[in-house]
Amino acid sequence: MNRAATARERPSGAIPPSAALAGAVSLLLIAALAVPLLGRPGFRAWQTVCVALTVQALPFLLLGTIVSGAVNAFVPARVFSRALPRNPALAVPVAGAAGVVLPGCECASVPVAGSLIRRGVTPAAAFAFLLSAPAVNPVVLVSTAVAFPGQPGMVAARLVASLVTAATMGWLWLKWGRSEWLRMPARHTGHRAGHSRWEEFRLGFQHDFLHAGGYLVVGAMAAATFNVLVPRSVLDTFADSPWLSVLFLALLAVVLAVCSEADAFVAASLTGFSPTARLTFMVVGPMVDVKLIALQAGTFGRAFAVRFSAATAVVAVVCACLTGWWLL
């Protein structure tokens, strides 16, 4: 029997025997390599750190996604536009401050900002809300207080640095932003006529929790790996330098992409770094990370995402350093 006949007889979507065999052999090799590591102290330390970070952060992630889903399903978009001043320069800080009372996770803030722009809100104000909502909402501030017990200055510093960054980026867009960089979003957010609000809430919560929960687990694993495998001498090279430590943790925040409800626990685990460097990690992460850059590119266009993310990273680092010098 020739190959064409064999291909016709095999059901569509069936896995070829050779691929199945290769997959089985790969799994056996991975298991054979992993089993000897299970009893080693290094792996146990990694497991302890990973589980501790996940368990600590999970309740805040759950609460944050519940609130975000409720805002998306039950709060009409017109509430945002009516609450903002008509003057764009004044609308920017007001929209940034709205993030304190109208929270949203990073994944939800991008489509919400797109919905606001489509409904007439000035882009500068929408972008200020996009940056502030996942960074200064009550769930994030409470989780920061829990992660840094007895350090109210860290909570205040995160609030101030994040709000100043969001407002600054809104004003920068108002001054130098160009409409040709911005591709108007087409994704729908908020309640749709004829649809159940509770069903929209359930679907929104389910999407945000599973999406952000995956990043939480990956971030916890990466943080645990970072704590266990990176030699102390390498950490000391960065931690002993005020500027290198700030830049290193800013880059780490971009790469790890930990959700804002959980990033304070990761920052608290980086005990070898200065408070200002850890503050930078918490300010940069909710505003610029790999998943947000991808979401912005898909929603507003690549030209916008490249320029806006790069500028936000610079402004966030500067604001975190100045705030850390002032309050920490």
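The legends below describe close-up views of a predicted model.

Local features are given only where pLDDT is at least 70 and side-chain atom pairs only at pLDDT 80 or more, whereas totals for chains, interfaces and linings use all residues. Residues are numbered from 1 along each chain as its sequence is written, and side-chain values use heavy atoms, with hydrogens and water left out.

**View 1. A salt bridge joins Asp263 and Arg158.** A search of the whole structure finds two salt bridges, a salt bridge being a side-chain nitrogen of Lys or Arg within 4 Å of a carboxyl oxygen of Asp or Glu. In the pair shown here, Asp263 and Arg158 meet with an N to O distance of 2.9 Å. Because Asp263 belongs to helix α13 (residues 263-269) and Arg158 to helix α9, the pair ties together parts that are 105 residues apart in sequence; helices are DSSP runs of H or I with at least four residues, numbered from the N terminus. Asp263 is buried at 2% relative accessibility, and Arg158 is buried at 0% (buried means under 20% relative accessible area, exposed over 50% and partly exposed in between, with a 1.4 Å probe and protein chains only).

**View 2. Glu199 and Arg202 form a salt bridge within helix α10.** The closest N and O atoms of Glu199 and Arg202 are 2.6 Å apart, and the two residues lie three residues apart in α10 (residues 197-229), about one turn of the helix. Glu199 is partly exposed, with a relative accessible area of 35%, and Arg202 is partly exposed at 39%.

**View 3. Helix α8 packs against helix α9.** The axes of α8 (residues 138-147) and α9 (residues 152-176) are 9 Å apart and make an angle of about 150 degrees, where axes are lines fitted to C-alpha atoms, for helices over the stretch in contact, and angles run from 0 to 180 degrees between N-to-C directions. That angle makes α8 roughly antiparallel to α9, a label that applies to angles over 145 degrees.

**View 4. Phe300 lies in helix α15.** This helix spans residues 290-300, and Phe300 is buried, with a relative accessible area of 0%. Although Phe300 and Gly114 are 186 residues apart in sequence, their C-alpha atoms are 7.8 Å apart in space.

How values were computed: Parallel < 35°, antiparallel > 145°, perpendicular 65-115°, else oblique.
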